[in-house]
Amino acid sequence: MTHPRPRLLAALILQGTLLLTDSMPALAGETQVAVIVSSRAPRVAFDRAMLRAIYLKKIFIGQNGRRLIPVNLPPGNPLRDAFSHALIDMRDAQLQEYWNRQYFQGISPPYVLGSQKAVVRFVAGTPGAIGYVWPCHVDSSVHAVLMISLPTPVAGPDPEACPANPQP
Amino acid sequence: MIAAWLVLIALAGICPARAASGDAAWQTQPYQLGQGLYFPQQRLRIGGYANLHYYDVRDHRTTLAVNDLSLFLTKDIGTRWKLFTEVEASNVLAANGGQSTRRDADIDVERLYVDYLTHQGITLRFGKFLTPVGQWNLIHADPLVWTVSRPLVTTAAFSEHATGAMMLGTVTFLHHDLDYWLFADDSKSLEPARNRDLAYDAFGADSSLRNNFQHAVGGRVLYHMLDDRLSVGASYLDYAIRQPNQRYRLVGLDFSWSGEHFNLSGEGIHRTSAGADVPAEYGGFLQTEIPLAQRLYLVGRYEHYRSSIPPQSTTVRIVALNFHLQPGIVLKLERRDGANNTRLSPSGWLAAVAVLF
């Protein structure tokens, strides 16, 4: 009996999750980003509103009672910019003001990891962690719980982009 | 309380975080103004704000003062508990008429509480916190507000602080976020010696009036719409203050709207007393911010307030410039004027440099 290679397994998991969480296929020219949690974590349902609340640090505890740890890519990263625009939809100044106000209440923005590879490794090993990566970076250590469509092209070259992702 | 705070800092074991190796480790961000200093191994963040104020208002000496030097400390304890405290040195330094004085310099614990994260939309808070009435009182740090002066409506009728227990969180209601706060205060038992919340804290105002709670219960909701560009809030308080010993009910409404070309916000309150001899107190303000250039804003505010002590109607008009020099540093210049405002918010020029660190 042969075992599927991790990347193939990831693709199968991803495909299954896609069917479960996002019945709308990506439109032509549209790119998608995978929201990932550890494959060791219990499967929980996410929707965009909940994910937005998690990334804005309005929700700290998940449905399973676990502390949620959203992680971001560095400021200026094209995927981060596109993800923030699609999910949070605040102007830069508005978002900056939001975090300043939260800081006064003891709440800081999500922690930052240096690359998508780092996001996958961190999320895989940290129960409660949530990250986002291009789908080609999803492997068997994590599973995608939601696919977010990016309605606008990702601005700027992204060295970690998947080969199939349209680049400007 | 200060001793308790010092003990908590000592327990936190403050020491600089060592950068961990491996690309999946926390990335220690370079320190930036306005974000605090984070110690990942201690899960501790230290920050704060400071300001330098200049006042030239009617019937008072021109004054240059460091009014606030505030230190925040946030520490995660386990996965469910979080400690937050703000210690503030107020009236630190002042120079007026060519003389330097320390005025009534004081160190005060502005906030000290622990949060218990119980459930997805429920946090329990115990300790001393800001009274959840209106948007200004909850976010009042100098670098985060548009003007040097604080509207009367945000201080005059209720205590800025409460001590007790609170339930707060965010839930989804009709596809939008709804923030809520419910609290009960027992300052009479928990902070019996405290009598410091000024009813009127504008420079040059009558500083003899206090409105510290004895007991209070209340709540607030804030509904976010249009991707947070519009928020509408409502507040309710039932409380007794110490002097004059009186029971009150207060309702408040507030909103803020962030537009493409200008912002608009406002708050209003109406307070009634159980005592027949105390008239109702009410008022509100409307404020707009208009971007003039990158990071430079023109601010205008109109406020009308009917106070019960002293029994008078006051109008305050403000035109100000607000310049975000860089993230974390704000410069403000303000002309304050009005009608019947000499006692509560006297006319004159005000300026500030405020730093969030």
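**View 1. Helix α2 of chain A and the residue that follows.** In this predicted model, four residues of α2(A) are buried: A:Leu51, A:Ala53, A:Ile54 and A:Tyr55. A helix of this kind has a simple rhythm to keep in mind: with 3.6 residues a turn, an α-helix has residues three or four places apart pointing the same way. Just past the end of α2(A) comes A:Lys57, with a positive phi of about 60°.

**View 2. The open sheet of chain A.** Here five strands of chain A line up as β3-β2-β4-β1-β5, with mixed pairing. At the edges of this sheet are β3 (111-112) and β5 (142-150) of chain A, each of which pairs on one side only. Take a moment to find β1 (residues 31-38) and β4 (residues 129-133) of chain A: these strands run antiparallel and are joined by three bridges. Which residue of β4(A) stands opposite A:Ile36? The partner is A:Gly131.

**View 3. A helix across the sheet.** Helix α5 of chain A, residues 116-125, lies across four strands of that chain: β1, β2 (69-72), β4 and β5. Relative to β4(A), helix α5 runs at about 155°.

**View 4. The whole of chain A, for orientation.** Chain A holds five helices and five strands. Followed from the N terminus, its elements come in the order α-β-α-β-α-α-β-α-β-β. Chain A has 168 residues, and 36% of them count as buried. Among contacts in chain A with a separation of 6 or more, 73% are between residues 24 or more positions apart.

**View 5. Where the two chains meet.** How many residues does each chain bring to the contact? Chain A supplies 29 residues and chain B supplies 29 residues. On the side of chain A that touches chain B, the elements giving two or more residues are α2 (48-55), α4 (92-104), β3 and α5. Of these, α4(A) gives the most, with six residues. Sorted by class, this side of chain A has 13 nonpolar, 10 polar and six charged residues. For the complex, the predictor reports an ipTM of 0.84 and a pTM of 0.84.

**View 6. The nonpolar cores.** The largest nonpolar core has 56 residues, and the members that touch the most others are B:Leu152, B:Ala156, B:Tyr200 and B:Tyr239. Let us zoom in on one of them. Leaving aside residues up to four places away in sequence, B:Ala156 touches B:Ala199, B:Tyr200, B:Tyr305 and B:Ser307. Another core, of 39 residues, lies apart from the largest one; its members include A:Leu79, A:Ala118, A:Ala124 and A:Leu146.

**View 7. Chain B and its N-terminal stretch.** Chain B contains two helices and 18 strands. Of its 357 residues, 41% are buried. Residues 24 or more positions apart make up 55% of the chain B contacts with a separation of 6 or more. The average pLDDT of chain B is 88, and 89% of the residues score at least 70. Where does the pLDDT of chain B stay below 50? That happens over residues 1-24, a stretch that has 34 contacts in the model beyond near neighbours in sequence.

Key
Residues numbered from 1 in each chain as written. Chains lettered and ligands numbered in written order. Predicted model: local features only at pLDDT ≥ 70, side-chain atom pairs only at ≥ 80, totals over all residues. Core = buried A, V, L, I, M, F, W, Y, C linked by C-beta atoms within 7 Å. Buried ≥ 20, exposed ≤ 12 C-beta atoms within 10 Å, placed from the backbone. Contact = placed C-beta atoms within 7 Å. Pairing = 2+ DSSP bridges. Axes fitted to C-alpha atoms, helices over the stretch in contact; angles between N-to-C directions. Nonpolar A, V, L, I, M, F, W, Y, C, P; charged D, E, K, R; others polar. pLDDT = per-residue confidence, 0-100.
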